Amino acid sequence: MQVTIRAAKASLSKLIDAALSGEEVVITKGRKPVVKLVPVVRSSFKIGLLKGQVLGDGPDFFEPIDEGALALWKGIG
C-alpha cells in the first residue's frame, strides 16, 4: 500500500494497524517513496529465565567490598 504524506496524516492509526498485520505501508512525497512503516520487533524477554539454573548466592551489592577485591578493581593488586 502506498499513501501520500497528506493521506497518512489523516489515517495514521489505520496505517499502523495495516503495518502491524503484515501489510507493507509506504508513505510517498508526491510520487516518490520516502518512508516505510514496519512494526517494531519485540523480544520475548522472560523474567526468571535462569531460575533454578544458577547455583549459589550472588554478591550482595549493598555490602561494602573487601580491601583485596577493591584493590583488584582499582588495578593495584
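**Helix α3 and the small core**

At the start of α3, a side-chain oxygen of Asp 66 comes to within 3.1 Å of the backbone nitrogen of Gly 68, which fits the cut-off for a polar contact (N or O atoms within 3.5 Å, one able to donate a hydrogen and the other to accept it; residues adjacent in sequence count only if both atoms are side-chain atoms). The model is predicted, so local features need pLDDT of at least 70 and side-chain atom pairs pLDDT 80 or more, while totals for chains, interfaces and linings use all residues. Numbering runs from 1 along each chain as its sequence is written, and side-chain values use heavy atoms, with hydrogens and water left out.

Helix α3 covers residues 67-74, and because zero of its eight residues are buried (under 20% relative accessible area, 1.4 Å probe, protein chains only), it lies largely in the open. After α3 comes Gly 75, with a positive phi near 80 degrees.

The protein chain has three helices and three strands (DSSP runs: H or I of at least four residues, E of at least two, numbered from the N terminus). Their order from the N terminus is β-α-α-β-β-α.

As for the inside, the largest nonpolar core (buried Ala, Val, Leu, Ile, Met, Phe, Trp, Tyr and Cys joined through side-chain atoms within 4.5 Å) has seven residues: Val 3, Ala 8, Leu 15, Ala 18, Ala 19, Val 25 and Ile 27. Two or more of these come from each of α2 (12-20) and β2 (25-29), with α2 giving the most, three residues. Overall, buried residues make up 12% of the 77 in the protein chain.

Definitions and conventions. Buried means under 20% relative accessible area, exposed over 50%, partly exposed in between (1.4 Å probe, protein chains only).
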